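The following exercises are to be worked with the sequence and the model at hand. Each task is followed by a solution in steps.

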Amino acid sequence: MARSGPRRPLVESPSRTGMSPLPRRLLMALLLLLALGFARLGVWQLSRLHQRRAANRIILAARSAAPARLPGSALQHAEALIEHRVIARGRYDHDHDIVLRGEALQGVPGVHLVTPLRMSGTDTALLVDRGFVPAPDAVSVQPERLREPGDVTIEGIAVGLGSGGGKPIVHGGRTTWARLDLPTLRERLPYPVLSVYLRQVPGPGVPSFPRRLDAPAVDEGPHLSYAVQWFLFASLAVAFAFLVVGRRV
């Protein structure tokens, strides 16, 4: 009986069905370009990290400096007070209390109360963030129950007052703000206000409510972890390009 010839395999070997050289080279080039892009993003995140660290050093140096006192010569250079500890004396103008809505503390909704401090010896007021007050709807609060009459001496961290916070809205007969907006505040308040406000910190003799908050922590943010991720993606793209696409079968 004649022996039949070798049977042709139903599936051809990878060497016959593998990717042809031109598409292989194009795919490798694409993967290497992706790797380069990922690496550049990683370098960019490292650059952001270095910038953040430099800014943190400035903040820490400012906070560790001797407190500035208001009123005083610093009134003429208020922007230089940002991130510095400030001690101010005066009397609160509770007729112009400001409610910042939509705040939260440890998952509890509420508001922040900001009150102008009429400093003695000057007609310029300093806005003071007196802290957090719980409110179920993060809007409604009765600031008249939280007044602090008489002369006060407060200490806190100076923060720059920006613009673009939008105009306040009226809810339930009360005016609330999304955030402080310097141009709008200067239009509405009957006296000049500094271009910085004070975030009052806890201390002896400070009332329990509103709840004063410590100065925000200084950290490096997520830049290092993002850089590691981008470099990992770049390594994976290079490995796939050479070990899978570039492998000859």
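**Exercise 1.** Locate Pro-210 among the elements of the chain, and describe the peptide bond from Phe-209 to Pro-210.

Solution. Pro-210 sits in the loop between strand 9 and helix 4 (223-245). Helices (H or I, at least four residues) and strands (E, at least two) are DSSP runs, numbered from the N terminus. The bond from Phe-209 to Pro-210 is cis, with omega near -5°. A further cis bond runs from Leu-70 to Pro-71, with omega near 0°, and Pro-71 belongs to the loop between strand 1 and strand 2. Most peptide bonds are trans, and most residues other than glycine have a negative phi.

The model is predicted: local features need pLDDT of at least 70, side-chain atom pairs count only at pLDDT 80 or more, and totals for chains, interfaces and linings use all residues. Residues are numbered from 1 along each chain as its sequence is written, and side-chain values use heavy atoms, with hydrogens and water left out.

**Exercise 2.** Find where Glu-83 and Ala-138 lie, and state the sign of phi for Glu-83 and for Ala-138.

Solution. Step one: Glu-83 is in the loop between strand 1 and strand 2, whereas Ala-138 is in the loop between strand 5 and strand 6. Step two: neither is a glycine, yet phi is positive, about 75° for Glu-83 and about 60° for Ala-138. Step three: Ala-138 is buried because its relative accessible area is 12%; buried means under 20%, exposed over 50%, and partly exposed in between (1.4 Å probe, protein chains only).

**Exercise 3.** Determine which side chains make polar contacts with the side chain of Glu-148.

Solution. Glu-148 lies in the loop between strand 5 and strand 6. With 13% relative accessibility, Glu-148 counts as buried. Its side chain forms a polar contact of 3.0 Å with that of Arg-130 and another, of 2.6 Å, with that of Arg-212. A polar contact is a pair of N or O atoms within 3.5 Å; within protein, one must be able to donate a hydrogen and the other to accept it, and residues adjacent in sequence count only if both atoms are side-chain atoms. Leaving aside neighbours within four places in sequence, the residues in contact (heavy atoms within 4.5 Å) with Glu-148 include Tyr-92, His-94 and Pro-210.

**Exercise 4.** Is Thr-115 buried or exposed, and which side chain does its own side chain meet in a polar contact?

Solution. Thr-115 is part of strand 4 (residues 108-119). Thr-115 is buried, since its relative accessible area is 0%. The side chains of Thr-115 and Asp-97 are joined by a polar contact of 2.6 Å. Beyond four places in sequence, Thr-115 also contacts other residues, among them Tyr-92, His-94 and Arg-130.

**Exercise 5.** Describe the largest nonpolar core and the strands that supply it.

Solution. A nonpolar core is a set of buried Ala, Val, Leu, Ile, Met, Phe, Trp, Tyr and Cys residues joined through side-chain atoms within 4.5 Å. The largest has 17 residues, and those with the most contacts inside it include Leu-70, Leu-117, Val-128 and Ile-154. Strand 1 (68-70), strand 2 (85-92), strand 4, strand 5 (125-134), strand 6 (151-160) and strand 9 (193-200) each give at least two residues to this core. A second, separate core of 15 residues includes Leu-100, Val-159, Leu-185 and Tyr-191. In soluble globular proteins, nonpolar side chains tend to be buried together.

**Exercise 6.** Relate Ala-39 to Ala-234, both along the chain and in space.

Solution. Ala-39 belongs to helix 2 (residues 21-64). Ala-39 counts as partly exposed because its relative accessible area is 25%. Although 195 residues separate Ala-39 from Ala-234 along the chain, their C-alpha atoms are 5.7 Å apart. Not counting residues up to four places away, Ala-39 touches Phe-231 and Ala-234. For the chain as a whole, 67% of contacts between residues at least 6 apart in sequence join residues at least 24 apart.
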